[in-house]
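Good morning, colleagues, and thank you for coming. I would like to walk through one model with you, beginning with its secondary structure and ending with its interior.

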Amino acid sequence: MAQTLDAIDVDAELNERLSLGSPWITLVWNDPVNLMSYVSYVFRSYFGFSKAEAERRMLQVHTEGRAVVASGTREEMERHVEAMHGFGLWATLQRVDA
Amino acid sequence: MTPFAREGDVIVATFEPAETEILVQLADDVQQLLADAAEAEPDSTRSRAIDRLLPAAYGDGGDDDAEFRRFTSEGLVERKIGNAQSVIDTLQGAKVAATPVRLNAAAVQAWLRCLTDIRLSIAAGLGIDGDDDESSLAGSDRYLFDVYRWLAFVQESLLDALEADFS
């Protein structure tokens with residue numbers, strides 16, 4: 001897979017989770033359709049992010065093309081991706097390979 | 001329309017009869033699109049719309065994508081059709097001019113998701129793939145594009161009304 005973890009902005013919390021053995025991540029990708037306010041709303045209401053954190057990740061999606069929104073087991077990430085598709089957000093999961 | 005505003009337990013807006021008619025039609029279109037998803041021709045507008053409503057979860061075009069879609073698409077399609085039905089149902093009472101649409105918490109969620117699904121399917125038809133594509137649309141698509149932008153206004157208004165719930 002071309003997208004290595006190095007290419008992604010990984011925050012401290014995510015680093016910690018990865019070191020605890022959470023080898024899969026959920027990514028949300030930029031699209032020209034979804035409103036920034038809606039993406040931010042989904043991040044707050046579904047993932048429970050604070051307003052500031054939701055805005056930060058939403059802006060990351062917008063400016064960098066994608067953002068990591070969760071990490072954990074493959075099953076957990078599949079559940080998140082399915083939920084994002086329910087909201088109409090473009091989300092994928094992938095294994096974090098070094 | 002008058003923008004959405006909170007009134008106690010519900011969120012309320014008033015639509016013009018023509019606006020109600022368009023929303024019902026578009027929600028119905030999305031239901032048809034999803035119900036007939038299996039019959040969409042490859043590379044058609046409809047198949048592009050379906051690919052955006054049910055994106056590949058792994059994005060590698062392989063067995064994992066196929067398996068994810070096999071296990072999730074039925075439930076996702078069912079919920080999306082249900083959301084569209086909720087939009088249609090809540091608009092039934094609003095067909096008489098100036099009758100407000102009243103959304104409870106469940107209907108709000110259905111509306112947010114269905115407005116998104118409608119906009120995604122219109123965007124697939126208009127070929128809006130990049131952030132700059134909106135400005136280059138030809139005249140014949142102008143009406144649909146205006147509807148697409150109006151739907152963004154409706155959704156933004158709904159999100160504004162919800163903002164108070166977070167604080």
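Let me begin with a definition: helices, of at least four residues, and strands, of at least two, are taken here as DSSP runs numbered from the N terminus. Please keep in mind throughout that this is a predicted model.

I turn to chain A. On that definition, chain A contains 4 helices and 3 strands. Followed along the sequence, these elements give the pattern α-β-α-α-β-α-β. Chain A has 98 residues, of which 51% count as buried. Among its contacts with a separation of 6 or more, 71% are between residues 24 or more positions apart.

The strands of chain A form an open sheet of 3 strands in the order 2-1-3, with antiparallel pairing. Strand 2, residues 66-72, and strand 3, residues 91-95, are the edge strands, each of them pairing on one side only. From one strand to the next, the twist averages 30°.

Let us look at the two pairings in turn. Strand 1 of chain A is antiparallel to strand 2 of chain A, and 6 bridges connect the two. Within this pairing, A:Trp29 has A:Arg66 of strand 2 as its bridge partner. On the other side, strand 1, which spans residues 24-29, runs antiparallel to strand 3 of chain A and is joined to it by 5 bridges. Here A:Leu27 is bridged to A:Thr92 of strand 3.

Is strand 2 of chain A enclosed or open to the outside? Of its 7 residues, 7 are buried, and strand 2 of chain A is therefore largely enclosed by the rest of the structure. For that count, buried means under 20% relative accessible area.

A helix also lies across this sheet. Helix 4 of chain A, residues 74-87, lies across strand 1, strand 2 and strand 3 of chain A. Relative to strand 3 of chain A, helix 4 runs at about 165°.

I move now to chain B and its strands. Strand 1 of chain B, residues 2-7, pairs with strand 2 of chain B in the antiparallel sense, over 4 bridges. One of the positions to inspect is B:Glu7, whose bridge partner in strand 2 is B:Val10. These two strands form a hairpin with 2 residues between them, and in that hairpin B:Gly8 adopts a positive phi near 65°.

Strand 2 of chain B also runs antiparallel to strand 3 of chain B, residues 101-103, with 3 bridges joining them. In this second pairing, B:Ala13 is matched with B:Val101 of strand 3. Strand 2 of chain B covers residues 10-14, and 4 of its 5 residues are buried, so this strand is largely enclosed by the rest of the structure.

Three individual residues of chain B deserve a comment. The first to discuss is B:Asp43, which sits in the loop between helix 1 (17-35) and helix 2 (45-53) of chain B. B:Asp43 is not a glycine, although its phi is positive, at about 65°. Its relative accessibility is 69%, and B:Asp43 therefore counts as exposed, the cut-off for that class being over 50%.

Next, B:Arg119 belongs to helix 4 of chain B, residues 105-126. What does B:Arg119 touch, if residues up to four places away in sequence are not counted? From chain A, its contacts are A:Val33, A:Asn34 and A:Leu35; from chain B, they are B:Tyr148, B:Leu151 and B:Ala152. B:Arg119 is buried, with a relative accessible area of 4%.

The remaining residue is B:Ser157, located in helix 5 of chain B, residues 142-166. With 6% relative accessibility, B:Ser157 counts as buried. Leaving out residues up to four places away in sequence, B:Ser157 is in contact with B:Met1, B:Pro3 and B:Phe4.

Finally, I come to the internal space. Rolling a probe the size of a water molecule over the atoms reveals where empty space is left. How many cavities of 30 Å³ or more are counted? The count is 1, and the largest cavity has a volume of about 40 Å³.

Its lining includes A:His85 from chain A, together with B:Leu54, B:Pro55, B:Phe68, B:Arg69, B:Thr72, B:Ser73 and B:Leu76 from chain B. Helix 3 of chain B, residues 63-92, gives the most to this lining, with 5 residues. By class, the lining residues of the largest cavity are 4 nonpolar, 3 polar and 1 charged.

Thank you for your attention.

Technical notes
Residues are numbered from 1 along each chain as its sequence is written. Chains are lettered from A and ligands numbered from 1 in the order in which they are written. This is a predicted model: local features need pLDDT of at least 70, side-chain atom pairs count only at pLDDT 80 or more; totals for chains, interfaces and linings use all residues. Side-chain values use heavy atoms; hydrogens and water are left out. Buried means under 20% relative accessible area, exposed over 50%, partly exposed in between (1.4 Å probe, protein chains only). Two strands pair if DSSP finds at least two bridges between them. Axes are lines fitted to C-alpha atoms, for helices over the stretch in contact, and angles run from 0 to 180 degrees between N-to-C directions. Contact means heavy atoms within 4.5 Å. On a 1 Å grid over the protein atoms alone, a cavity is a set of points where a 1.4 Å probe fits but cannot get out, and a pocket is an open set with protein on both sides within 12 Å along at least five of seven lines; lining residues have an atom within 4 Å of a point. Grid points are joined across faces, edges and corners, and a volume is the space filled by probe spheres set on the points. Ala, Val, Leu, Ile, Met, Phe, Trp, Tyr, Cys and Pro count as nonpolar, Asp, Glu, Lys and Arg as charged, and the others, Gly among them, as polar.
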